[in-house]
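This report reads a single chain from its overall make-up down to individual side-chain links. Please keep the sequence and the coordinates at hand while following it.

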Amino acid sequence: MRWLIILFVLFLTGCSYTPVVDLRASKNEAQLFQRDLMECQVLAERIAGGVVSKVLFTGYRQAMNNCIEGRGHSVLTNW
């Protein structure tokens, strides 16, 4: 039962990753951040292979960071 609770908490925290971005350093691209974030979430989910992968592996977070940086935003979180 204890492991089930731990997995559930990990599941909830893994689904809500949003990279910390310095929008001021992103300059003109800052106005497109929300759109880019939603598109990058879809792409990162396809790479990670589902919800379980988002929780257990850092591939989802790395894909999110790479996608956001590739669109011209300054990502501060690098883990």
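## A cysteine and its accessibility

Does Cys 40 count as buried or exposed? With a relative accessibility of 0%, Cys 40 counts as buried, a value that, like every other one in this report, comes from a predicted model.

## Overall make-up of the chain

The chain contains 5 helices and 2 strands, and their order along the sequence gives the pattern α-β-α-α-α-α-β. Of the 79 residues in the chain, 28% are buried, while the accessible surface amounts to about 5,600 Å², with 61% of that area belonging to carbon and sulfur atoms.

As for contacts along the chain, when those between residues at least 6 apart in sequence are taken, 69% of them join residues at least 24 apart. The disulfide and two of the salt bridges described below can be read with that figure in mind, since each is given with its own separation in sequence.

## The disulfide

The structure holds 1 disulfide, formed by Cys 40 and Cys 67, whose sulfur atoms lie 2.0 Å apart. The angle about the S-S bond is -75°, and the link of Cys 40 and Cys 67 is left-handed. Because Cys 40 belongs to helix H3 (residues 33–48) and Cys 67 to helix H5 (residues 59–70), the pair ties together parts that are 27 residues apart in sequence.

Cys 67, with a relative accessible area of 15%, is buried, as is its partner Cys 40 at 0% relative accessibility; the cut-off applied here is under 20% relative accessible area.

## A network of salt bridges

The count of salt bridges comes to 3. One of them pairs the side chains of Arg 35 and Asp 36, with an N to O distance of 3.3 Å; Arg 35 is partly exposed, having a relative accessible area of 43%, whereas Asp 36 is buried, at 3%. The side chain of Asp 36 also meets that of Arg 71 in a salt bridge, again with 3.3 Å from N to O, and this pair links distant parts of the chain, given that Asp 36 sits in helix H3 and Arg 71 in the loop between H5 and strand S2 (74–75), 35 residues apart.

Arg 71, which is partly exposed with a relative accessible area of 26%, takes part in a further salt bridge, with the side chain of Glu 39, at 2.5 Å from N to O. Here too distant parts of the chain are linked, with Arg 71 in the loop between H5 and S2 and Glu 39 in helix H3, 32 residues apart. Glu 39 counts as partly exposed, at 35% relative accessibility. Through shared partners, the salt bridges join Arg 35, Asp 36, Glu 39 and Arg 71 into one network.

## Helix H3

Helix H3 has 16 residues and reaches 21 Å from its first C-alpha to its last, which is close to the 22 Å expected at 1.5 Å a residue. The buried residues in H3 are Phe 33, Asp 36, Leu 37, Cys 40, Ala 44 and Ala 48; seen down the axis of H3, these buried residues fall within an arc of 95°, so they line one face of the helix. This list includes both the disulfide partner Cys 40 and Asp 36, which forms salt bridges with Arg 35 and with Arg 71.

The face of H3 turned away from the buried side carries the exposed residues Met 38 and Arg 46. After H3 comes Gly 49, which has a positive phi, near 85°.

## Helix H5

Helix H5 has 12 residues, which at 1.5 Å a residue should span 16 Å, and its end C-alpha atoms are 16 Å apart, in agreement with that expectation. In H5 the buried residues are Tyr 60, Ala 63, Met 64, Asn 65, Cys 67 and Ile 68, and this list includes Cys 67, the residue joined by the disulfide to Cys 40.

H5 is followed by Gly 72, whose phi is positive, near 95°.

Notes: Residues numbered from 1 in each chain as written. Predicted model: local features only at pLDDT ≥ 70, side-chain atom pairs only at ≥ 80, totals over all residues. Heavy atoms only, no water. Disulfide = S-S within 2.5 Å. Helix = DSSP H or I, 4+ residues; strand = E, 2+ residues; numbered from the N terminus. Buried < 20%, exposed > 50% of the residue type's maximum accessible area, 1.4 Å probe, protein only. Salt bridge = Lys/Arg side-chain N within 4 Å of Asp/Glu carboxyl O. Expected span 1.5 Å × (residues − 1). Arc of directions from axis to C-beta. Contact = heavy atoms within 4.5 Å. Areas by Shrake-Rupley, 256 points an atom, 1.4 Å probe, with all protein chains shown as cover.
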